[in-house]
Amino acid sequence: MLRSRLVPTLSLAALLCPLLACDPAAGGKPRTEDPPPVVTKSAKRGLAYGYHSAADLKALSPGMSWWYNWSPRPEAGAASVYASEAVTFVPMAWGGTPNADQLASEIPAGAQYLLGFNEPNFLSQANKTPRQAAALWPVLEEVARRKQLKLVSPAVNYCGDCVTEDGVKFTDPVVYLDAFFKACQGCQVDAIAIHWYACDLGALKWYVERFKKYDKPLWLTEFACGDMPHDQITVEVQKKYMVDAIPWLESEPAIERYSWFSGRNNEIPSINLLGASGELTELGRLYVTLPAGTSPQSP
């Protein structure tokens with residue numbers, strides 16, 4: 001770039017600099033632009049989001065390998081591109097009273113996992129006591145058998161407005177899973193799904209440690225900074241948490257997969273990875289470009 005302090009009489013090298021992208025102060029040598037960051041697709045990294053356009057999925061695909069949308073089938077916008085973008089879809093049996101024939105018919109070819117009920121200890125979510133969830137689990141096992149899928153446990157978190165059974169209010173997610181496994185002895189559960197919304201790495205490590213007792217791979221299927229006063233949650237706060245949490249999630253052997261919440265959502269400030277269709281936010285660019293781990297992970 002020409003600088004205003006240069007004298008009017010310019011050398012040939014200086015005159016050519018705008019064409020050669022060089023710096024006259026460096027003797028007219030060509031200037032090398034900073035290369036774009038090299039993005040390696042993380043086998044662990046995904047997204048909890050259900051309204052992708054094709055452009056959205058393409059924008060996110062360089063850095064993530066999977067997503068789910070709380071449904072057995074992918075949304076229309078993503079359905080035509082996810083295979084070519086090497087992003088896998090993970091179906092979910094969210095709640096209700098699943099029917100094996102209906103559920104199996106909705107799950108697309110190529111699926112490898114089936115996520116279980118979404119926050120069943122919450123009255124406002126799947127709303128199932130441990131015994132109710134266990135009683136329905138054979139339906140999911142039948143679908144897994146037909147489609148050759150691995151099964152991921154009911155996804156749990158701490159709650160306030162919770163289900164109650166035998167006089168126990170299941171505020172604590174570990175207490176819920178303990179009761180579920182007691183009622184579902186011998187059931188197929190290949191991984192454990194958990195949610196977490198505290199805002200610092202130390203709390204996340206503590207929480208993950210609680211679930212290692214089940215000796216199964218852990219899926220952190222929802223996480224972001226949400227459990228602090230919302231007027232204090234800025235993009236910088238989310239970025240700080242993401243920069244702290246993701247390297248640890250990538251390197252922690254117990255974590256098989258994780259997914260940020262969410263693409264576009266107004267429930268928590270500054271969490272969105274997506275702006276306009278196909279446009280990554282500042283946080284989205286960070287999520288896509290943060291380094292992936294180097295240890296082998298399941299596809």
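Contact here means heavy atoms within 4.5 Å of each other. With that settled, a look at one asparagine and the disulfides of this predicted model.

**Asparagine 121**

Asparagine 121 sits in the loop between β4 (113–115) and α5 (130–147). Its relative accessible area is 0%, so asparagine 121 is buried. Who keeps it company? Setting aside neighbours within four places in sequence, asparagine 121 is in contact with Lys128, Val156, Asn157, Cys159, Asp161, Cys162, Val163, Phe170, Thr171 and Tyr176. Asn157 also turns up in a polar pairing: a polar atom of the asparagine 121 side chain lies 2.9 Å from the backbone oxygen of asparagine 157.

Two other names on that contact list, Cys159 and Cys162, lead straight to the next topic, as cysteine 159 and cysteine 162 are joined by a disulfide.

**The disulfides**

How many disulfides does the structure hold? There are three. Counting bonded cysteines along the protein chain, they follow the pattern 1-2, 3-4, 5-6. Here they are with their sulfur distances.

| Disulfide | S to S distance |
|---|---|
| cysteine 159 – cysteine 162 | 2.0 Å |
| cysteine 184 – cysteine 187 | 1.9 Å |
| cysteine 199 – cysteine 225 | 2.2 Å |

Start with the pair that asparagine 121 touches. Cysteine 159 has 9% relative accessibility and cysteine 162 has 5%. Why do both count as buried? Because buried means under 20% relative accessible area, and the 9% of cysteine 159 and the 5% of cysteine 162 meet that cut-off.

The link of cysteine 184 and cysteine 187 is left-handed, with -85 degrees about the S-S bond. Are its two ends buried or partly exposed? Cysteine 184 is buried, at 3% relative accessibility, whereas cysteine 187 comes in at 22% and therefore counts as partly exposed.

That leaves cysteine 199 and cysteine 225, whose link is right-handed, with 85 degrees about the S-S bond. This pair links distant parts of the chain, 26 residues apart. Cysteine 199 is in the loop between β8 (192–196) and α7 (201–211), and cysteine 225 is in the loop between β9 (218–223) and α8 (235–251). Cysteine 225 is buried, with a relative accessible area of 0%.

Conventions:
Residues are numbered from 1 along each chain as its sequence is written. This is a predicted model: local features need pLDDT of at least 70, side-chain atom pairs count only at pLDDT 80 or more; totals for chains, interfaces and linings use all residues. Side-chain values use heavy atoms; hydrogens and water are left out. Helices (H or I, at least four residues) and strands (E, at least two) are DSSP runs, numbered from the N terminus. Buried means under 20% relative accessible area, exposed over 50%, partly exposed in between (1.4 Å probe, protein chains only). A polar contact is a pair of N or O atoms within 3.5 Å; within protein, one must be able to donate a hydrogen and the other to accept it, and residues adjacent in sequence count only if both atoms are side-chain atoms. A disulfide is a pair of cysteine sulfur atoms within 2.5 Å.
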